[in-house]
Amino acid sequence: MNTIEYGQGAVNNTIGWGQGAKVGSSFSNTKSILLDGVDDAVLTNNAYTHLSSGTAMTVSVWFKSSTYTTSGRLMFVGKHVEILQNSALYSNTQGTFTYKVLGNFGNSFATMGGNTQSGVANLVDGNWHHICLTWDGSTTTAVVYEDGVAKITNTSASGTLNSSTTEAYAVGAKNNGSNPINGTIDEPAIWTTALSASDVTAIYNSGVPNNLNNSGVISTPPTTWYRCGDGDTAPTLTDNGSGGDDGIMRNFSTFSTDVPT
């Protein structure tokens with residue numbers, strides 16, 4: 001069990017963001033979800049509209065795998081954001097990811113990583129890794145962070161997120177269940193703002209997940225945040241953010257006890 005105590009050194013010694021987190025309380029992370037790469041996924045029942053016509057966003061997730069999966073979707077946020085694995089056929093793309101920020105009709109106006117990536121790592125090495133993508137339309141800047149470090153910065157990411165979508169938010173596959181990914185996932189979260197580098201550092205927390213609803217940890221609470229088992233009753237993953245979008249476990253019903261440490 002990973003337990004992080006707040007209150008002894010909590011930044012600004014402040015009260016948490018409306019989810020019961022408070023100074024002196026502890027944050028425990030003991031569960032995650034293990035997806036088989038065949039048909040497992042977490043899906044929402046409704047279209048994900050929180051990012052529609054948005055001018056900023058952040059997506060964060062923990063991932064662990066030893067299996068390369070071509071085009072496996074780690075995060076599929078309607079037609080707004082996608083994080084997917086690159087080709088498993090070639091050594092220079094195995095275990096790496098493509099990051100997309102999507103505008104009207106789901107067309108990408110910022111694509112990072114991919115076959116021409118520079119500086120990003122093979123993240124399919126059997127270890128836990130934290131992945132985060134931020135985008136701020138006001139500065140036309142998108143940043144890919146891996147394990148708390150900025151790996152790719154695109155300063156020409158000009159656009160507006162897709163104005164509407166009928167597609168649901170999905171973790172571990174596309175919203176229709178296609179392109180499933182094989183691996184263990186924990187703490188996927190979405191913001192309608194672009195988090196700062198210091199916020200991403202706090203989320204990574206030297207490799208141990210942090211309380212995203214504690215204002216002493218991070219400046220802005222998430223819109224959607226799945227604990228992936230902690231406080232959940234299968235098949236529902238409770239939305240611990242402000243969005244009220246619970247996730248549903250599809251084709252699997254148990255939680256893993258393998259978590260980032």
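**Exercise 1. Determine which residue meets D230 in a salt bridge, and place that contact among its neighbours.**

Step 1. In this predicted model, the side chains of D230 and R227 meet in a salt bridge, at 3.7 Å from N to O, where a salt bridge is a side-chain nitrogen of Lys or Arg within 4 Å of a carboxyl oxygen of Asp or Glu.

Step 2. R227 also forms a salt bridge with E187, the closest N and O atoms being 2.8 Å apart. This second pair links distant parts of the chain, with R227 in the loop between strand 15 (224-225) and strand 16, and E187 in strand 14 (residues 182-191), 40 residues apart; strands here are DSSP runs (E, at least two residues), numbered from the N terminus.

Step 3. E187, R227 and D230 are therefore to be read as linked in a network of salt bridges.

Step 4. For accessibility, buried means under 20% relative accessible area, exposed over 50%, and partly exposed in between (1.4 Å probe, protein chains only). D230 is buried at 12%, R227 is buried at 7%, and E187 is buried at 3%.

A word on conventions: residues are numbered from 1 along each chain as its sequence is written. Local features need pLDDT of at least 70 and side-chain atom pairs count only at pLDDT 80 or more, while totals for chains, interfaces and linings use all residues, and side-chain values use heavy atoms, with hydrogens and water left out.

**Exercise 2. Locate the salt bridge of E167 and state whether each partner is buried or partly exposed.**

Step 1. The structure holds five salt bridges, and one of them joins the side chains of E167 and K79, at 3.4 Å from N to O.

Step 2. E167 lies in the loop between strand 12 and strand 13 (168-171), whereas K79 lies in the loop between strand 6 (73-77) and strand 7 (81-85), so that the pair, 88 residues apart, links distant parts of the chain.

Step 3. E167 is buried, with a relative accessible area of 15%, whereas K79 is partly exposed, at 30%.

**Exercise 3. Give the strand order of the eight-stranded open sheet and identify its edges.**

Step 1. The order is 9-8-7-6-13-4-17-16, with antiparallel pairing; two strands pair if DSSP finds at least two bridges between them.

Step 2. Strand 9 (108-113) and strand 16 (236-237) stand at the edges, each with a single partner strand, so one side of each is left without a neighbour in the sheet.

Step 3. Within this order, strand 4 (residues 41-47) and strand 17 (residues 247-250) run antiparallel and are joined by four bridges, and A41 has R250 as its bridge partner in strand 17.
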